[in-house]
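Thanks for coming. I have one structure today, and I will talk about its strand pairing and then its salt bridges.

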Amino acid sequence: MMATVRLSFSPAPVHVRTARLVGVAVARRAGVREGLLDEVRLAIGEACTRAVALHRQYGVAEPVLVEMNDSGAYTVRVVDRAPIEASIGLTALAPDELAQESLSEDALTTGVGFALLAGFVEDLQVRPVDEGIGTEVRMVWPVGR
């Protein structure tokens with residue numbers, strides 16, 4: 001049975017912990033191996049922290065969206081509504097290239113977050129949202145059903 005859990009929260013750092021807790025609970029129920037749960041927790045925390053930071057940096061009051069789905073694999077989407085230019089160019093760099101770039105303080109929020117996420121998640125996609133302004137960070141982990 002496919003289950004989708006959606007969580008939206010105001011862009012405040014205090015809510016990132018809640019998103020991590022919910023994300024790990026859904027991952028455990030979905031059948032993600034126990035050894036991957038720390039990576040799931042860290043990745044969801046990093047993606048949500050990045051989204052909150054971008055919302056605050058650009059004065060976006062809309063909520064951050066987190067969607068977790070266990071159909072086939074455990075998929076987590078974190079959607080921010082910050083201007084897409086906040087991440088243009090950085091997503092195309094490999095993490096090792098990103099580490100060598102000279103980034104502005106604003107770009108560090110996005111770039112370092114992506115580099116950390118790439119270390120936690122093998123199946124990671126970052127792309128513009130389908131509708132409106134923003135970025136979707138999509139992370140996938142295998143389930144052991």
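A word on terms before the strands: two strands are counted as paired if DSSP finds at least two bridges between them. Please also keep in mind that this is a predicted model.

I start with strand β3, residues 74-80. How many of its seven residues are buried? Six of the seven are, which leaves the strand mostly covered.

Strand β3 has a partner in strand β2, residues 64-69, and the two run antiparallel with five bridges between them. One bridge to look for on the screen joins Val66 to Val78 in β3. The connection between β2 and β3 is a hairpin with four residues in between. In that turn, Gly72 has a positive phi of about 85 degrees.

Strand β3 also pairs with strand β5, residues 135-141, again in the antiparallel sense, and here there are seven bridges. In this pairing Val76 stands opposite Met139 of β5.

Now the salt bridges. The cut-off is a side-chain nitrogen of Lys or Arg within 4 Å of a carboxyl oxygen of Asp or Glu. By that rule the count is nine. I will go through three of them.

Take Arg28 and Glu34, whose side chains meet at 3.3 Å, N to O. Are these residues buried or exposed? Arg28 is partly exposed, at 45% relative accessible area, and Glu34 is exposed, at 56%.

Next come Arg41 and Asp38, with an N to O distance of 3.8 Å. Both sit in helix α2, residues 37-58, and they are three residues apart, about one turn of the helix. Arg41 is partly exposed, with a relative accessible area of 34%.

The last pair takes us back to the strands. Arg77 forms a salt bridge with Glu67, and their closest N and O atoms are 3.2 Å apart. What does this pair tie together? Arg77 lies in strand β3 and Glu67 in strand β2, so the salt bridge links parts that are 10 residues apart in sequence. On accessibility, Arg77 is partly exposed at 22%. Glu67 has a relative accessible area of 15%, and the cut-off for buried is under 20%, so Glu67 counts as buried.

This pair also belongs to a network: salt bridges with shared partners join Arg6, Glu67, Arg77, Arg127, Asp130 and Glu136.

That is the end of my part.

Key
Residues are numbered from 1 along each chain as its sequence is written. This is a predicted model: local features need pLDDT of at least 70, side-chain atom pairs count only at pLDDT 80 or more; totals for chains, interfaces and linings use all residues. Side-chain values use heavy atoms; hydrogens and water are left out. Buried means under 20% relative accessible area, exposed over 50%, partly exposed in between (1.4 Å probe, protein chains only).
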